[in-house]
Amino acid sequence: MWAHAVAQPNIALIKYWGKRDTERNLPAAGSLSVTLETLWTGMSIEFPASAAGSTDISTERSAEGLANTDRLVVNGRRDSAMLARVSTCLDRMLGNPRPPAAVHSESNFPIAAGLASSSSAFAALVVAAGRAADLSIDAPALAGFAGAASGSAARSIHEGIVELRVRDEGIDVRSIAAASEWPLQVVIAITDEGAKATASGEAMIRSAATSPFYQSWIERQEADLEAARDAVRDRDFEKLGAVSEYNCLKMHSVMWTSKPPIVYWNEATVNALEAIRELQRTKLPVFFTIDAGPQVKAVCLPEASAAVSAALSDTAGVRKVIVSGLGRGARLLDEPPANSADGA
Ligand code: DP6
């Protein structure tokens, strides 16, 4: 039996950049994000009734000397790069030995390009896998499994504005405002659809080892989180914008001062920032954030979204603009995801 799930990527306003425990993939500090509405990743997974059914599927894992043979197809193509992470995630959930899995993933946006594709992919994977294996897993445990696969994925289990806190025993993730409670909009300026040169997991480990700013970045995260949490509680857009931009620029400063430096920005990234600064000078309620990639995400109040979208579309080097509201958490579907957010 197949199980199907869908999840939307999330964009962090207070960033996760650093791991406390690489084995368990525990973040070094908390983070706060918005789950998007119009971008999605659908996951379908099947565990054949017996491992005997696995003979005709992937040999990637057996080539690595591992017991199971899982198969991963991403957007219609066999994907061996992501397979190990998917298999490890399934091992954590189901134990090993286990039946091999056939996994199909479909996204309606470019993957590995700084659009948080791993957040939606692993959130959808754990939800689908739990159902396909007939496990009953509650939301905290789903977030734990998703986060162990990719830190940001834990946040896509939940809707709207989401906070992740790090406890001694693991992570605690919850929605602090539903999309309907504060309907922010996110305008994404795509400046390059290619995959990034350095994966975020690898890059943050390098930052921890080499940036002279890393320690102070981690120590000050709690203060930024508190300011952002208060801003969400008070629906104080200006305060949320100020702390989010500050936190984003601090994270990129840590990246830039790593050895060798990690620079995800391009010329159009800077042009888009300047366009947002210009809109702010006209008192438009908008702020920026940038993740491990060259895309710029402009967060705004609904009344500003048309103007922000128009300004970013007109910005030199911006190839495409996507507008999204805030969306729902990861969930099961009765059928494979249709090719639209509504269908999902
Ligand atoms: C810049 O969640 O992709 O987007 O846990 O190693 O998979 P891994 O990292 P990942 O890192 C996200 C980094 C970020 C900031 C954020 O989403 O908080």
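How many contacts beyond four places in sequence does the model have for residues 340-344, where pLDDT stays under 50? The number is nine. The model is a predicted one. A second stretch with pLDDT under 50 covers residues 51-67. For residues 51-67 the model has 28 contacts beyond four places in sequence. Over the protein, mean pLDDT is 92. A value of 70 or more is reached by 92% of the residues.

Two domains are assigned. Domain 1 spans residues 2-179, and domain 2 spans residues 185-325. Their C-alpha centres are separated by 24 Å. Contact between the domains involves 31 residues of domain 1 and 47 residues of domain 2. The area buried between domain 1 and domain 2 comes to about 3000 Å². Carbon and sulfur atoms give 70% of that area.

Polar and charged pairs also link the domains. Two salt bridges are counted between domain 1 and domain 2. A salt bridge joins K15 and D291, with 2.6 Å between the closest N and O atoms. Residue pairs in polar contact between the domains, both at pLDDT 80 or more, number 12. On domain 1, four strands each supply at least two residues of the side that touches domain 2. These are β2 (10-14), β5 (31-35), β10 (161-167) and β11 (170-177). By class, that side of domain 1 has 19 nonpolar residues, seven polar residues and five charged residues.

Methods
Residues numbered from 1 in each chain as written. Predicted model: local features only at pLDDT ≥ 70, side-chain atom pairs only at ≥ 80, totals over all residues. Heavy atoms only, no water. Domains from an automatic or database assignment. Contact = heavy atoms within 4.5 Å. Buried area = accessible area lost by both parts, 1.4 Å probe. Salt bridge = Lys/Arg side-chain N within 4 Å of Asp/Glu carboxyl O. Polar contact = N/O pair within 3.5 Å; in protein donor to acceptor, adjacent residues only side chain to side chain. Nonpolar A, V, L, I, M, F, W, Y, C, P; charged D, E, K, R; others polar. pLDDT = per-residue confidence, 0-100.
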